[in-house]
Amino acid sequence: MNKTIINIMTISTMAWLGAMTNADACTGITLHTLGGETVPARTIEWAGNDLESKYAIVPRGHIMQSMVPGGEMKGMTFTARYGFVGLAVQQPEFVVEGLNETGLSAGLFYFPGCGEYEAYKPEDNARTVVDLQLVSWILSQFVTIDEVKAAITEIRITNIDPRAGTVHWRITEPNGKQVVLEIVGGKLHFFDSTATGVLTNSPGYEWHLANLNNYVNLTTGVSPAHKLGNLELRSWGGGSGMHGLPGDMTPPSRFVRAAFFSLNAPVQATPEKSVVQAFHILNNFDIPTGIQFAPGDTVPDIPSATQWTVASDLTNRRIYYRTMHNSTIRCFDLRSIDFGKVKYQWQPLDKVKAQPFEMIRVK
């Protein structure tokens, strides 16, 4: 790829990451079926402009090379052992969520102010991978989380521009095992997130788990009536047991809501039903355009700050998505793709940026 083109695209991507403090709102949940199938799902937000998101079909044998700080293609070169489908932002190299043909899922979430990568050294370029391309490395190389853990110590992870902040990652196996990877003080930290299946943004994962204890009083259902002196207090409606659930869009509040909504959801019989349920749960995290801007600021002309939502059926190797432009759920069935023959390709998530409507004809 032409170096000038790379730099132009990198600048636009850095504008996205560098300003994400106004939109660091990605929310991830994980559902499980009665049969034990696993469905991780998440949103991705950015209120500044249309991310021009794409999907990439990556075959076995496809050769990829990482960028290094500054945006040049001088980092580690790796060849895909496994094919995968990835959803990317700004340009097809920057896959932020995806699923490979073995059923391994991986995605990145913005992690500002808390992460710190190991110092970049040009002499380590041959084993350097930028954070925005780590998902592609994981999906193209591995079947299990243990394989990722064993190999990741041999590479160096950095970012294209230090001003862009850092990210953390969620990796999930079909059997339900899940970890969160954070890099703090230049050190790798893996946290078992199987119990919650939830991830948002800063602070770190352990902080979010501790913060759940501040909501120990919350419960599903209706709060029982009780006396306050001589007054009898009763609930005005269903769901009052969740009164006090934080409703703002900060990462800590979204983590709490995501945990309570997903962990209290009825367990579905099939992955398809769990996928539908995941999209409904994540409806609660759609961010309307405008609320992240101060009064008087120019608000971009986009339908939503939640640009797309994705859910993956790891057992049946299917990845589903919908976008801010089109709420129709679309699906890639990886089992129908011959990753030994298919050509590398990428396309916009929306070929037509318009919500289709179904007209009801009355006779």
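## Two antiparallel sheets and their helices

Let's start at one edge of a sheet: strand 12 (residues 178–184) and strand 13 are antiparallel neighbours, joined by six bridges. This is a predicted model, and this pair makes a handy way in. Glu-182 has His-189 of strand 13 as its bridge partner, and Val-180 sits opposite Phe-191 in strand 13. The hairpin that links strand 12 to strand 13 has two residues between the strands, and Gly-185 there adopts a positive phi near 60°.

On its other side, strand 12 pairs with strand 11, again in the antiparallel sense, over four bridges. Here Thr-172 faces Gln-178 of strand 12. The hairpin of strand 11 and strand 12 has five residues between the strands, and Gly-176 takes a positive phi near 100°. How much of strand 12 is buried? Six of its seven residues are, so the strand is largely enclosed by the rest of the structure.

Here are the three strand pairs with bridge counts, including one from the other sheet that comes up below.

| Strand pair | Bridges | Opposite residues |
|---|---|---|
| Strand 12 and strand 13 | six | Val-180 and Phe-191 |
| Strand 11 and strand 12 | four | Thr-172 and Gln-178 |
| Strand 2 and strand 16 | five | Thr-43 and Thr-309 |

Zooming out, these strands belong to an open sheet of eight, ordered 13-12-11-8-7-6-3-19, with antiparallel pairing. Strand 13 (187–192) and strand 19 (345–348) are the edge strands; each has a single partner, so one side of each has no neighbour in the sheet. From one strand to the next, the twist averages 20°.

Two helices pack on this sheet. Helix 2 (residues 134–141) touches strand 6 (84–88), strand 7 (95–100), strand 8 (105–110), strand 11 (167–172) and strand 12, and its direction makes about 10° with that of strand 7. Helix 3 (residues 145–152) touches strand 11, strand 12 and strand 13, with its direction at about 20° to that of strand 12. Strand 11 and strand 12 are thus touched by helix 2 and by helix 3.

Now for the other sheet. Five strands make up this open, antiparallel arrangement, in the order 1-2-16-17-18. Which strands stand at its edges? They are strand 1 (28–32) and strand 18 (330–333), each with a single partner strand, so one side of each is left without a neighbour in the sheet. The twist here averages 15° from one strand to the next.

Within this sheet, strand 2 (residues 38–45) and strand 16 (residues 306–313) are antiparallel and share five bridges, with Thr-43 opposite Thr-309 in strand 16. Helix 6 (residues 271–283) lies across strand 1, strand 2, strand 16 and strand 17 (318–323), and runs at about 150° to strand 1.

What about the chain as a whole? It holds six helices and 19 strands. Its radius of gyration is 21 Å, close to the 21 Å that the globule rule gives for 363 residues, so the chain is as compact as a globular protein of that length. The C-alpha trace spans about 75 × 60 × 50 Å along its principal axes.

Buried residues account for 53% of the 363 in the chain. Of the contacts between residues at least 6 apart in sequence, 67% join residues at least 24 apart. The accessible surface comes to about 16,300 Å², with 55% of that belonging to carbon and sulfur atoms.

Definitions and conventions: Residues numbered from 1 in each chain as written. Predicted model: local features only at pLDDT ≥ 70, side-chain atom pairs only at ≥ 80, totals over all residues. Heavy atoms only, no water. Pairing = 2+ DSSP bridges. Axes fitted to C-alpha atoms, helices over the stretch in contact; angles between N-to-C directions. Contact = heavy atoms within 4.5 Å. Buried < 20%, exposed > 50% of the residue type's maximum accessible area, 1.4 Å probe, protein only. Rg over C-alpha atoms; globule rule 2.2 N^0.38 Å. Areas by Shrake-Rupley, 256 points an atom, 1.4 Å probe, with all protein chains shown as cover.
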